[in-house]
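Dear colleague,

I am handing over the structure below, together with a short account of what was found in it. Please read the account with the structure open beside it.

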Amino acid sequence: MRVVKSSTTSWLAAVAIAAVVATSGGLVAAQSAPDGENGRFSMTPIPEGVLRLDTRTGTVSTCTRNGTGWACYAVPDERSAFDAEIGRLQAEVEKLKGQLAAGPTVSGKVDEALPKSDSLKKAEPKVAEGDRKIEIPLPSDQDLDRAMSFLEKAWRRLIDMANRVQKDVSGRI
């Protein structure tokens, strides 16, 4: 009987533990009830694993499988960097506005007159018309001989080609 009693006791203990787990599991499930149809997280498969979107906070994470299980790492949010830069620029604008308001203001006539011409423009030296000379280097005798040789060869080839065409045409007629 003792064996029966100990198995009955262990059976009752197992039922009690199951009841507690079921009850506490029901409470946990009731506390984290999904907001929408798909629950709190939206999963999208990517080549490296899964992209997880937390629909409550808007946080995006990449989840990959390693040797011990799944690991999720938050994707850096560029929005926070943009917000920080906007804040920095707004502070700089306010600082510059304060400097402008506190700085000296010019009213009335200034002591020095403004220049009448552009000070950055380079002054061109004035040259008389007779002083302007353009020098073009003339070809040497060697350059002229090469050009004449080329023209003579081209002329001879043109005459030879015309003679061949005349012979071909007269032979066919």
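The protein, which is given here as a predicted model, contains three helices and four strands. Followed from the N terminus, these elements run in the order α-β-β-β-β-α-α, which is to say that the succession begins with a helix, passes through the strands and ends with helices.

As for how the chain packs, buried residues account for 5% of the 173 residues in the protein. If one takes the contacts in the protein between residues at least 6 apart in sequence, then 0% of them join residues at least 24 apart. The exposed surface of the protein comes to about 16,700 Å², and carbon and sulfur atoms supply 60% of that area.

The remaining point concerns the cysteines. A search of the whole structure finds one disulfide, and this is formed by Cys63 and Cys72, whose sulfur atoms lie 2.0 Å apart. The torsion about the S-S bond of Cys63 and Cys72 is about 110°, and the disulfide is therefore right-handed.

How buried or exposed are the two partners, Cys63 and Cys72? Cys63 has a relative accessible area of 4% and is buried, because the cut-off for that class is under 20%. Cys72, in turn, has a relative accessible area of 35%, so this residue falls between the 20% and 50% cut-offs and counts as partly exposed.

With best regards

Definitions and conventions. Residues numbered from 1 in each chain as written. Predicted model: local features only at pLDDT ≥ 70, side-chain atom pairs only at ≥ 80, totals over all residues. Heavy atoms only, no water. Helix = DSSP H or I, 4+ residues; strand = E, 2+ residues; numbered from the N terminus. Buried < 20%, exposed > 50% of the residue type's maximum accessible area, 1.4 Å probe, protein only. Contact = heavy atoms within 4.5 Å. Areas by Shrake-Rupley, 256 points an atom, 1.4 Å probe, with all protein chains shown as cover. Disulfide = S-S within 2.5 Å.
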